[in-house]
Every structure is written in C-alpha cells, then in structure tokens.
Amino acid sequence: ELLLAEGVIHFPYDPTDGELPRCAVAVRAGRQPVGSIWVIEADQPVGPEGETALQDACRLAAIHILQAQNAVDVERQLRAEWLRSLLEGHGSLATTATRFGMATGAPSVVGGFAFPAGFGSAPLLPQLSTAVEQYCGVFRTNVSCVAIGGTVYVLFPSVRDEDMPRRVATGASKAVEARLGHPAHAAISSAGR
C-alpha cells in the first residue's frame, strides 16, 4: 500500500498486534521506491505541516540514498576492473592483496560461472554476473566479480573454510537457474596464496 501511494499514508492503532498509530511515506528516486520514512503518531496525528515536512525529508533522503548506492556501485566497478587486470596477468600482487583484503597466509579461490556450451548466453551474461555477485555477496562481503568473455569470475579472498567456495558456488548455480530460468555451470580453482 505504501509503495503504491503518492503521499503520506496513515495507519491506525492495531489492537491485534499492538502497533501504535503511525504514518509513512515512500522515498522515491523518480518513480522508483528506494526506501520509506515512518513516524509514530502516539498522542497526536501528523498534520498537514508535518506531512509536508515528511515529503521534503523524503526528497532529501532520496538524494542521500542514491549517492550511497552510487558510491557502492563505483567501488564495485573498481574492484571488478582490478580483478579483470589480475586475471589477465597485470598488476602487483602486493597491491592486489591489499585492495581485496587478502590476509597473509590465507588462500584465495577463484570461481567461474558460465552457461552450458551452445546456449545463447550473451544477452544474459550481465544478469548472470549480477545474480552471481549478489548471491556470493550474501556469504562473503568482500567478493569481487567480473565477466570476461562468456564467463563470470568471482574472487573469494582469504578463505579460511576450504569447503566454503564450493558450497557457495553450488548455491549460486542453483540460484541463477531459479532466477534466470537457465542452468549455469560453476568451477572452483584450487586455493592459492
């Protein structure tokens, strides 16, 4: 209801779950909802001036949310290009280790994901990359992902549980098939330092 509404929505006291009366407004970037702001209306409902202030706060919040998302996207793109350079044999290993948070003495593993041979995968490669990165990122916050040719590569730095990359890659393959409707093969490198 909130995400479909154009303005402030009021929710009355709900005796079934004890929720206090409250109001909320969706934070939007254009027409796309990116969040919401909620206010408890314990003793007195938010009036027209309060609703205007909430809508003004939403416009400001949208700017901050988009800036934060852009910063994350820029960092993700930088890490992807750094990984591409590493896989193509360029760059300093010491600088790479620092960039990706690789711990001294802890092995790193590279995973590769691709659609089966003969499958017309080129249009779906960006979606494969996104799906793999999102899935793997749930289990490891410092994974990096890049598509090269028809393969999506994922770097798992500083792996302390040697079975983790295989478990995550298996789960990612299943998630890709569920999300895109097409199977994806996965391969895991041996651990390297």
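This briefing describes two strand arrangements, a helix and one serine of that helix in a predicted model. An open sheet of 3 strands has the order E1-E2-E3 with antiparallel pairing, while helix H4, made up of residues 164-180, has buried residues whose cover includes strands E4, E6 and E7 as well as helix H3. Serine 173, which belongs to helix H4, is taken up separately below.

**The sheet E1-E2-E3**

- The edges of this open sheet are strand E1 (9-11) and strand E3 (32-40), each of which pairs on one side only, and neighbouring strands are turned by 30 degrees against each other on average when direction is ignored.
- Strand E2, covering residues 22-29, runs antiparallel to E3 and is joined to E3 by 8 bridges; within this part of the sheet, proline 33 of E3 is the residue opposite arginine 28.

**Helix H4**

- With 17 residues, helix H4 reaches 24 Å from its first C-alpha to its last, which is close to the 24 Å expected at 1.5 Å a residue.
- Buried positions occur along H4, among them Met164, Pro165, Val168, Ala172, Val176 and Leu180, and the elements that cover the buried residues of the helix include strand E4 (109-114), helix H3 (125-139), strand E6 (151-156) and strand E7 (185-188).
- Glycine 181 follows H4 and has a positive phi, near 80 degrees.

**Serine 173**

- Serine 173 lies in helix H4 and counts as buried because its relative accessible area is 12%, where the cut-off for buried is under 20%.
- The side chain of serine 173 reaches the backbone oxygen of alanine 184 at 3.3 Å.
- Once neighbours within four places in sequence are left aside, the residues in contact with serine 173 are Phe113, Ala184, His185 and Ala186.

**Strand E4 and its partners**

- Strand E4 is mostly covered, since 5 of its 6 residues are buried.
- E4 is joined to E6 by 5 bridges, the two strands running antiparallel, and in this pairing valine 152 of E6 is the bridge partner of phenylalanine 113, a residue that is also in contact with serine 173.
- E4 also pairs with E7 in the antiparallel sense, over 4 bridges, and here histidine 185 of E7 stands opposite alanine 114; His185, like Phe113, is in contact with serine 173.

Technical notes: Residues numbered from 1 in each chain as written. Predicted model: local features only at pLDDT ≥ 70, side-chain atom pairs only at ≥ 80, totals over all residues. Heavy atoms only, no water. Pairing = 2+ DSSP bridges. Axes fitted to C-alpha atoms, helices over the stretch in contact; angles between N-to-C directions. Expected span 1.5 Å × (residues − 1). Buried < 20%, exposed > 50% of the residue type's maximum accessible area, 1.4 Å probe, protein only. Contact = heavy atoms within 4.5 Å. Polar contact = N/O pair within 3.5 Å; in protein donor to acceptor, adjacent residues only side chain to side chain.
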